[in-house]
Amino acid sequence: MKKNIKDDEKKIIDVINEIKPYLNSDGGDIEFVKYEDNYVYVKIHGACAGCEFIGYDLQDSIYEAIKEEVPDCKGILNTEI
């Protein structure tokens, strides 16, 4: 049975929406762009865009949360870098 990419995208967007309030509280934001070739593409806005810890947050926090819901996900990329 072929996996439905739209189902994975919905799961990814749900995870991002759960994380958004934490980023918003620090003056930042995250926007889902696309899920392609098992990679999540996002845009980071506000205070998070210039934060020295954004790489850590993307890979160790946001990616890990997404990977729990979408095990085939290979990584997360900030399209603004």
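## Contacts and the model

Two residues are in contact when heavy atoms of theirs lie within 4.5 Å. The model described here is a predicted one, and with neighbours within four places in sequence left aside, Ile30 is in contact with Ile16, Lys20, Leu23, Val42, Lys43, Ile44, Leu58 and Ile62. Ile30 itself lies in strand 1, and its relative accessible area is 1%, so this residue is buried. By contrast with these contacts, Val70 stands 40 residues away from Ile30 in sequence and 18 Å away in space, taken from C-alpha to C-alpha.

## The sheet

Three strands make up an open sheet, arranged in the order 1-2-3 and with mixed pairing. Strand 1 and strand 3 (75–78) are the edge strands, each of them pairing on one side only. From one strand to the next, the twist averages 30°.

Strand 1 and strand 2 are paired in the antiparallel sense, over eight bridges. Within this pairing, Lys34 has Tyr41 of strand 2 as its bridge partner, while Asp29 stands opposite His45, which is also a residue of strand 2. The two strands form a hairpin with two residues between them, and in the turn Asp37 has a positive phi of about 55°.

## The helices against the sheet

Helix 1 packs on the sheet, where it touches strand 1 and strand 2, and its direction makes about 170° with that of strand 1. Helix 2 lies across strand 1, strand 2 and strand 3, and runs at about 140° to strand 3.

One residue of helix 1 is Glu9, and because its relative accessibility is 16%, where buried means under 20%, Glu9 counts as buried. Leaving out residues up to four places away in sequence, Glu9 touches Phe32 and Tyr35.

## How the two helices meet

The axes of helix 1 and helix 2 come within 9 Å of each other and cross at roughly 140°. An angle over 145 degrees would count as roughly antiparallel, and helix 1 is therefore oblique to helix 2. The crossing of the two helices is right-handed. On the side of helix 1 the contact is made by Lys11, Ile12, Val15, Ile16 and Ile19, and on the side of helix 2 by Ile62, Ala65, Ile66 and Glu69.

## The nonpolar core

In soluble globular proteins, nonpolar side chains tend to be buried together. The largest nonpolar core in this model has 20 residues, and those that touch the most other members are Ile12, Ile30, Val40, Val42, Leu58, Ile66 and Ile76. Two or more residues of this core come from each of helix 1 (5–25), strand 1 (28–36), strand 2 (39–46) and helix 2 (54–69).

Leu58 may serve as an example from this group, since a list of its contacts can be followed in the structure: with residues up to four places away in sequence not counted, Leu58 touches Ile30, Val42, Ile44, Tyr63, Ile76 and Asn78. Ile30 is thus met again here, as a residue of strand 1 that is in contact with Leu58 and, among others, with Ile16 and Ile62.

Terms used. Residues are numbered from 1 along each chain as its sequence is written. This is a predicted model: local features need pLDDT of at least 70, side-chain atom pairs count only at pLDDT 80 or more; totals for chains, interfaces and linings use all residues. Side-chain values use heavy atoms; hydrogens and water are left out. A nonpolar core is a set of buried Ala, Val, Leu, Ile, Met, Phe, Trp, Tyr and Cys residues joined through side-chain atoms within 4.5 Å. Buried means under 20% relative accessible area, exposed over 50%, partly exposed in between (1.4 Å probe, protein chains only). Helices (H or I, at least four residues) and strands (E, at least two) are DSSP runs, numbered from the N terminus. Two strands pair if DSSP finds at least two bridges between them. Axes are lines fitted to C-alpha atoms, for helices over the stretch in contact, and angles run from 0 to 180 degrees between N-to-C directions. Angles under 35 degrees count as roughly parallel, over 145 as roughly antiparallel, 65 to 115 as roughly perpendicular and the rest as oblique. A crossing is left-handed if the near helix is turned anticlockwise from the far one by less than a right angle, and right-handed if clockwise.
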